[in-house]
Number of protein chains: 2
Amino acid sequence: MTHFADRVTSACRAKGNAVCVGLDPRWQQLPLELRQRHRGGTLTDMARAFEEFGCRVLDVVAPLVPVVKPQSAFFEACGPAGLVTLQRLLARARRQGLITILDGKRNDIASTAEAYADAAFAGTMLDGQRHPVWDADALTINPYLGRDAVEPFLVSARKSGGGVFVLVRTSNAGARLFQDLDCQGRPLYQHVADAVGGWAKENLGQCGLGDVGAVIGATHPAELTLLRQLLPHVLFLIPGYGAQGGSSADTAGGFRSDGSGAIVNSSRGIIACFRPDEPRWEQAVEQAARQAIADLSKATPMGSLGKS
Amino acid sequence: MTHFADRVTSACRAKGNAVCVGLDPRWQQLPLELRQRHRGGTLTDMARAFEEFGCRVLDVVAPLVPVVKPQSAFFEACGPAGLVTLQRLLARARRQGLITILDGKRNDIASTAEAYADAAFAGTMLDGQRHPVWDADALTINPYLGRDAVEPFLVSARKSGGGVFVLVRTSNAGARLFQDLDCQGRPLYQHVADAVGGWAKENLGQCGLGDVGAVIGATHPAELTLLRQLLPHVLFLIPGYGAQGGSSADTAGGFRSDGSGAIVNSSRGIIACFRPDEPRWEQAVEQAARQAIADLSKATPMGSLGKS
């Protein structure tokens with residue numbers, strides 16, 4: 001079983017970039033063509049439209065990028081039918097050789113955390129057999145509940161060669177309310193980062209990175225640079241690039257000098273880059289993905305990835 | 001539209017107690033009778049067993065207690081079929097006049113938080129119409145991302161007379177790792193509690209309680225008492241009573257003197273109180289619920305509720 005960080009690192013080297021396409025489908029941003037075909041007006045129609053859209057986006061981006069990140073909230077918003085869509089898109093992405101990060105920001109304690117974790121990774125146990133549920137490569141989790149609440153996620157991820165990304169410094173403007181609170185001379189998020197660094201060290205891949213990563217927003221470039229220095233062995237998942245205001249240069253500090261160590265997510269900047277009435281929207285998605293890759297290759301060490 | 005806290009308070013007065021039954025179904029703890037009837041070995045069978053079990057538990061406890069709290073993780077563990085079960089159980093509980101708290105500990109930012117929140121409360125918007133998804137009265141949320149991330153949950157809850165419960169001091173042993181960090185002379189959880197107190201004040205019901213509550217574990221009785229004094233207008237949801245080790249006396253400090261202001265959750269102590277081969281398991285559930293009510297009525301101000 002290949003270590004999660006090694007799988008991420010080789011996927012990034014193979015594609016020559018570290019771009020993650022966020023699958024955050026919103027009805028109002030779907031191509032009109034799809035909205036018309038699935039116009040029944042029920043959440044099941046909405047889920048089917050998300051599925052067709054997601055499949056077509058995956059077909060466009062799979063040859064270009066190493067990672068995709070479906071956002072659970074938008075699929076849950078369609079009810080059970082949306083979760084069928086989520087399952088199918090995760091399976092398709094996996095078949096296409098993409099690394100999948102399920103963005104669920106899950107958190108709970110003991111056997112409840114274990115239920116979330118097994119659904120994401122190892123599969124739910126029933127009568128001695130494991131049944132895959134989301135079968136993702138990684139899951140985002142929230143650290144507020146402490147180590148014993150994070151533990152079940154690590155255990156389940158490690159069973160199946162998966163990884164977790166722990167929220168450290170989120171990309172929203174209001175993140176500072178608690179994350180920047182001064183705790184014994186250092187902001188809270190640095191204490192969380194310390195813990196993440198310790199958890200990551202427990203299981204390092206050959207690439208020198210652990211299977212516990214950190215989510216750090218591109219909207220905080222100084223923090224990204226500082227945390228890269230403090231946590232050389234932690235893989236960063238960087239949201240907030242593009243539509244949320246982070247520039248390619250803002251993400252640069254998150255990479256290691258060889259271009260590894262970070263994944264930069266773009267959601268709306270790629271999957272909602274077109275006007276809904278644009279008939280050639282897949283070409284627009286392809287162009288936006290290529291543009292993000294070019295933009296990040298120029299402004300960050302990511303450009304070295306394809307050259308090794 | 002009646003304010004969330006007023007609905008909770010009258011439901012508690014009507015039933016004469018403030019007990020919440022947690023619906024956390026685990027396959028191994030289901031009655032053998034149910035496991036045999038749904039023994040197909042797929043997650044859909046598991047979801048159907050959870051549904052029959054949940055319905056029968058609801059029928060037993062609905063006349064006794066004011067509130068139920070399904071734990072999303074255990075339904076998600078069955079995949080999409082489990083979410084159908086969750087939807088049906090929430091709808092049944094509502095028809096039975098129970099207040100429903102969806103325990104999902106959700107958290108995210110901006111339109112993503114809005115998608116979670118609308119699914120929980122107001123319904124997902126599609127072509128100008130709202131479609132109910134979980135249609136719960138309340139949702140548990142995680143505060144780590146800050147106020148702007150909590151905001152969409154408040155907005156959606158307030159549209160439909162719902163409420164949120166923010167994690168403040170969780171019941172697990174490892175909660176202290178971050179929640180007790182010394183931030184400018186006070187532990188982190190007290191800063192979160194301050195914020196929750198401010199958010200609750202924005203929309204108080206006639207009972208004097210807000211629609212933003214706090215989750216505080218029964219395993220921390222001293223903190224419960226302190227926070228009750230600091231936050232007289234905040235409704236507490238108290239997990240950790242029973243199977244997790246908190247006693248009825250441990251929850252006493254969480255109540256206001258008239259017996260309002262707190263809801264005490266018991267999950268395994270009620271829904272997993274019997275041996276799987278017990279044929280009269282519903283009577284055991286009824287007895288355990290009555291025992292929890294009696295136990296808490298004796299040891300806490302909750303006993304005053306039925307007498308007003």
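What follows is a short talk on how two chains are arranged in a predicted model and on one helix of chain A.

Residues are numbered from 1 along each chain as its sequence is written, and chains are lettered from A in the order in which they are written. Because the model is predicted, local features need pLDDT, the predictor's confidence in each residue from 0 to 100, of at least 70, and side-chain atom pairs count only at pLDDT 80 or more, while totals for chains, interfaces and linings use all residues.

Let me begin with confidence: chain A has a mean pLDDT of 97, with 99% of its residues at 70 or more, and the predictor gives the complex an ipTM of 0.98 and a pTM of 0.98.

Turning to symmetry, a turn of 180° with a shift of 0.0 Å along the axis lays chain B on chain A with an RMSD of 0.0 Å, superposing by least squares on the C-alpha atoms of residues with pLDDT of at least 70 in both. That is the relation of a two-fold axis, and in chain B the C-alpha nearest this axis belongs to C183(B), 2.0 Å away.

Now to helix α5 of chain A, residues 80-95, a DSSP run of H or I with at least four residues, numbered from the N terminus. Its 16 residues should span 22 Å at 1.5 Å a residue, and the end C-alpha atoms are 23 Å apart, which agrees; the expected span is 1.5 Å times one less than the number of residues. After α5(A) comes G97(A), with a positive phi near 80°.

How values were computed. Helix = DSSP H or I, 4+ residues; strand = E, 2+ residues; numbered from the N terminus.
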